[in-house]
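User: Please walk me through this structure. I would like short answers with the reasoning shown.

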Amino acid sequence: MLLVLVLGLTHCGQEKVTPPAYWPTAEWRTSTPEEHGVSSARLADAVEYIVDHGLPVHSLLVVRHGYVVLDAYFNGFAPGTPHDVASITKSVVSTLVGIALDQERIKGVDQKVLEFFPGVEAAHLDARKQQMAIRDLLTMRSGLECVAQPTEVTLARMMQSPDWVRFVLDLPMADEPGRTFVYNSGAVHLLSALLTEATGASAADYAGERLFAPLGIHPDVWPYGPQKRYSRGWGDLHLTPHDLARLGLLFLQQGRWEDRQVVSAQWVAAATERQVSLKGDAGYGYLWWVTGKPRGMFEARGRGGQRLVVWPEKQAVVVITAGGAEPAPLAPFIFAALQSDTPLPPSADGTALLSQALRRAASVAATPAGPAVPAPATAHRISGRTYALEANPFGIEELTFTFRDPGEALLLLKLAHHVEEGRIAKFVIGLDGSPRTAPGRFGLPATGVGQWTADDTFEAEIDEIANINRFHVRLAFRAESMSGVLEEKTGLCTGELRGRIKE
């Protein structure tokens, strides 16, 4: 459930906004919550709730009137670390479309998609596909055949194909464009490719020059697809919580940053107003989630609990990053904390409660190591040997376990090029009950803990933290083969792994 729905408020359109007292291009300024009408005690309640309920939240950031009033971190996620923002990437792509439109690189949202790919003879070409417009991709009403529930089957199929753009263009039409809302991540990758065809730059490069640089954002990770030309439009952009808040402030200021109109106010209004009506009060703009009641919020959201919430009426921005948490339970605390548009009296008790809560959040309780368990003969037999895997939803091509000592193991995964450009993912697995933390994909920290549950069966839990994913893997090793199941716990998918020792 959307955070905005819990609070029951919506975007108020193009209202007059007050410029911030400063622009956080270099860094954010902090303030006591009460100076900006926010209750420290109620913010403390939110932080305590996350800790007490063991929610896999990684950060909670609240900005009011342009000042950071809460900057909390949890579960081993450190300040300044980039985080996979998942489908918040889609809202960034929407913003780039607005900038390209401002620059007249795109004629308008009603321009036909196939105009940007003149050399491609798309399969299943009919009048409906020829009429598919940019607006239809922005509003998830492309008409393309897509299975998105309960997991994104079509996205998984696209990622296993050699040419993602061609895959999407070749999909059959299931409906008239502009008629039916069907969440389609592949269609947003097509939008990213369209941007490249219109501007001559990848979405990552175009954003770097036109969107990120003016805001003081310098992302390290926005992967490409197989052709190394088109940035992933649907997800996998990595930004820090402070960077996400900058994007929120840009939209709070109707597209203006310092003395520059980064994206037009008209685009901000169109992107964050209801273009599509969904169930209940839910609505969808141009790759932004909105509601229909007056004077409220809009938000960008991503798998695993990623949220960027903008509340124009309260001049507030809320950022949540997580590894599989549902943010909705935090909404009542934030709603209760935003008590006044003018300063509140200082609260020594509230300040003390918030300081105590933040200390609890920052302290990661180490799991004590247990006694070393002797490894079975299978561990010695397979240690250092590489298994070539059959095709699987995760794009894992090879797997190698090395059991270095009784206390830990090293897991190496060779990934297909479309999964990660670095190709080799490394995870350290604690074998004594104590998770090990080490750099994983994209150099970001990951934890692992595992055990032999039978002489030939190994199980492990891997938490990628900043890369969102939390995996449970169970593998059985036979003479020359292995098989098992890899389950991703934040809603990605579950799939079988099968392989044989590589000669």
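The questions below go through a sheet, a helix pair, a loop residue and a hairpin.

User: In what order do the 8 strands of the open sheet lie, and which are the edge strands?
Analyst: This is a predicted model. The sheet runs S2-S1-S12-S11-S10-S9-S8-S7, with antiparallel pairing. An edge strand here pairs on one side only. The edge strands are S2 (67-73) and S7 (276-277).

User: How many bridges join S1 to S12, and how many pair S1 with S2?
Analyst: Both pairings are antiparallel. On the S12 side, Arg 64 has Ala 316 as its bridge partner. On the S2 side, Val 63 is matched with Val 68. The counts are 7 bridges to S12 and 6 bridges to S2.

User: Which residue in the turn of the S1 and S2 hairpin has a positive phi?
Analyst: The two strands of this hairpin have 2 residues between them. A phi of about 55 degrees belongs to one turn residue, His 65.

User: How many residues of S1 are buried?
Analyst: Buried means under 20% relative accessible area. S1 is mostly covered. Helix H10 (residues 241-252) lies across S1, S2, S10, S11 and S12. The buried count for S1 is 8 of its 8 residues.

User: In S10, what is the bridge partner of Trp 289?
Analyst: S9 (residues 289-291) pairs with S10 (residues 298-302). The sense is antiparallel, over 2 bridges. The partner of Trp 289 in S10 is Glu 299.

User: Are helices H2 and H13 roughly parallel or roughly antiparallel?
Analyst: The axes of H2 (residues 40-52) and H13 come within 8 Å. They cross at roughly 25 degrees. Angles under 35 degrees count as roughly parallel, so H2 and H13 are roughly parallel.

User: What is the class make-up of the contact of H2 with H13?
Analyst: H2 passes H13 in a left-handed crossing. The H2 side includes Ala 41, Val 47 and Asp 52, and the H13 side includes Gly 350, Leu 354 and Arg 360. By class, the contact has 10 nonpolar, 3 polar and 3 charged residues.

User: Is Leu 353 buried or exposed, or in between?
Analyst: Leu 353 sits in helix H13 (residues 348-362). It touches Ala 41 and Ala 44. Its C-alpha is 7.5 Å from that of Ser 40, although the two are 313 residues apart along the chain. The relative accessible area is 43%, between the 20% and 50% cut-offs, so Leu 353 is partly exposed.

User: Is Ser 87 buried or exposed?
Analyst: Ser 87 lies in the loop between S3 (83-84) and helix H3 (88-102). Among the residues it touches are Tyr 183, Trp 234 and Arg 301. Its relative accessible area is 11%, under the 20% cut-off, so Ser 87 is buried.

User: Which side chains of S13 point to the face where they are buried?
Analyst: In a regular strand the side chains alternate between the two faces of the sheet. S13 (residues 386-389) shows this alternation. Thr 386 and Ala 388 point to one face and are not buried. The buried ones, on the other face, are Tyr 387 and Leu 389.

User: In S22, what is the bridge partner of Tyr 387?
Analyst: S13 is joined to S22 (residues 494-501) by 3 bridges, running antiparallel. S13 also pairs with S14 (residues 396-405), where Thr 386 meets Thr 400. In S22, the partner of Tyr 387 is Ile 501.

User: Which residue in the turn between S13 and S14 has a positive phi?
Analyst: S13 and S14 form a hairpin with 6 residues between them. The phi in question is about 70 degrees, and the residue is Gly 395.

How values were computed. Residues numbered from 1 in each chain as written. Predicted model: local features only at pLDDT ≥ 70, side-chain atom pairs only at ≥ 80, totals over all residues. Heavy atoms only, no water. Pairing = 2+ DSSP bridges. Helix = DSSP H or I, 4+ residues; strand = E, 2+ residues; numbered from the N terminus. Contact = heavy atoms within 4.5 Å. Axes fitted to C-alpha atoms, helices over the stretch in contact; angles between N-to-C directions. Buried < 20%, exposed > 50% of the residue type's maximum accessible area, 1.4 Å probe, protein only. Parallel < 35°, antiparallel > 145°, perpendicular 65-115°, else oblique. Left-handed = near helix turned anticlockwise from the far one by under 90°. Nonpolar A, V, L, I, M, F, W, Y, C, P; charged D, E, K, R; others polar. Lists of a residue's contacts leave out its neighbours within four places in sequence.
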